[in-house]
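Work through the exercises below with the sequence and the structure at hand. Try each task before reading its solution.

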Amino acid sequence: MFESLKKYSLSLISILFLAILLTACASEPEESSSSSNGEDETAGGKELVISTASDAISLDPAGANDVPSFDVQNNIFERLVSYDQNMELQPGLAESWEQIDETTWEFKLREDVTFHDGSEFNAEAVKANIERINDPEVAAPAAYLLDMINEVVVVDDYTVQFKTEFPYSGLPSNLSHSVSGMISPEQIREDYDAMGEGESVGSVINANPIGTGFLKFEEWQPGQLIRLVKNEDYWGEPAKIESVTFKVVPEDLTRIAELETGDTHISNPLSSSDVSQIESKENLSVLQQGSLALDYVGFNTSKEPFNDQLVRQAITMAIDKDQIINGIYEGYAQVAEGPLPPNVYGYDENVEGLSRDQGKAKELLAEAGYQDGFTTTLMTNDTRERMDIATNIQSQLAEIGITVEIEVLEWGAYIEKLDAGEQEMFILGWSNSTAHADNTFYPLFHSDNLGASGNTVFFENSELDTLIEEARQAQDEAEQLELYKQAEEMLVDLAPMAYLTHKDYLLGVRDEVKGLTMYPSKLLNLKEVSIEE
């Protein structure tokens, strides 16, 4: 099950053929039925179906910190600031913004926007949303992006100011992040009322999320699908499609089978080992997008033996990243020297990672007191590439005496365990959705963000904390870049994770899908998508 598709035997091909037949017969009566060309008869051929490996964890912008959730939310909710394909900031629900002084930002809002429930978008709505994100009772996992805001001032109906605890030049970038999606203030009040009656945070919002976006929520069948429909009262140019269904299909081969038969229009993600199969089909193509991503092996530094820097360095030096890039990613990735991807502000090409050296790795293990190695568990979610990486690392670490047992979990259960600190070693990725170094260093490595906020390696280092904080507050660009370089060099040496690759994102797409793009943050841009024959 961990081998690439090209190496599968004829018996597995026959299984795939059977899977296609079963898929064609498996539609439930209450679900949208599709014809062979992927058109939805009730929607006039305008329903877009996306098969996705993982279900959303939450449809509340303050309730998640994962791409599958944000990919759905991105269509329902809008932010004050957006970004384009080059990750350059663009007006969103705010028409303009400026820094009034070192700790005050002022935003001018659009005046023609309403939420899906008909309520007005204005400065009071912004205030309600930002205060909710920073509310400790809400405990938004990505609140670190806005926690420097200590006051929201309503200047007038369409002007709002943010007062920050310290000078922070990256605030507009952070406000482009999905956590900043604007929710109807009426729904925020209802959700707080439900919390007062003992319901969980976000229970009201998850049942029927209400934003200002070009698509509106229709239904969520957990573990199966999420369906959004066109917002006919959208303030801007309306969507070209009538609806979008995010259909949960965890198995790679099943996603490809459904793509080939037309039961889905987009396979997200596409394994690099399946690119040749997609490219061989006349009606299918591959969408490739350079990313701002980091794939890594994380160490739970709060547990032995991973609380020992020498052990972490040894494992890092034992891993052959080129094997992963060429043997698993088929070349659709580059080596990660440290945690920052190229094209992220703060990246320094002169930072060098720990080179592969198995002899040195064995010496480091012996120095740490593990000359005979040890046994550990490597946890991963159930995507084929990550399972392949797990078996590859298992084999490589066996060469230095470390016995690795692999545990594979479904996405939601996996994230729950990581946030709770139940892991020893694990495989995960981080997509820097603001293209700024602060959105890697602060959530992944600062001791304020242990667990759900991003620091699932549970790494605590006061010297690094200080360096990250100084970089966050620096107003001089040259000073800030130097601080980021020092932080990255320090993280290479401390090795709280083994930085593996920066991989490209791949999608399988049917040719009738037009206008689809993908941001370097991994989120899909569905605004201009249409389905044409």
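**Exercise 1.** Which residue is the bridge partner of Met-379 in β17?

Solution. The model is a predicted one. Begin with the strands: β15 covers residues 374–381 and β17 covers residues 425–431. They pair in the parallel sense, over two bridges. Within β17, Phe-426 is the bridge partner of Met-379.

**Exercise 2.** Place this pair of strands in its sheet and name the edge strands.

Solution. The sheet is open, has six strands and follows the order β14-β18-β13-β17-β15-β16, with mixed pairing. Pairing on one side only marks the edge strands, β14 (333–335) and β16 (402–409). From one strand to the next, the twist averages 30°. Next, add the helix: α12 (residues 384–398) lies across β13, β15, β16, β17 and β18, and runs at about 170° to β16.

**Exercise 3.** Describe how β8 and β9 are joined, and find the residue with a positive phi in their hairpin.

Solution. Strand β8 (residues 215–221) and strand β9 (residues 225–230) run antiparallel and are joined by six bridges. Across from Glu-219 stands Arg-227 in β9. Three residues lie between the strands of the hairpin, where Gly-223 takes a positive phi near 80°.

**Exercise 4.** Is Thr-264 buried or exposed?

Solution. First locate Thr-264: it is in the loop between α7 (252–261) and β11 (266–268). The cut-off for buried is under 20% relative accessible area. Thr-264 counts as buried because its relative accessibility is 0%. Leaving aside neighbours within four places in sequence, the residues in contact with Thr-264 include Val-49, Lys-247, Glu-258 and Arg-510.

Definitions and conventions
Residues numbered from 1 in each chain as written. Predicted model: local features only at pLDDT ≥ 70, side-chain atom pairs only at ≥ 80, totals over all residues. Heavy atoms only, no water. Helix = DSSP H or I, 4+ residues; strand = E, 2+ residues; numbered from the N terminus. Buried < 20%, exposed > 50% of the residue type's maximum accessible area, 1.4 Å probe, protein only. Contact = heavy atoms within 4.5 Å. Pairing = 2+ DSSP bridges. Axes fitted to C-alpha atoms, helices over the stretch in contact; angles between N-to-C directions.
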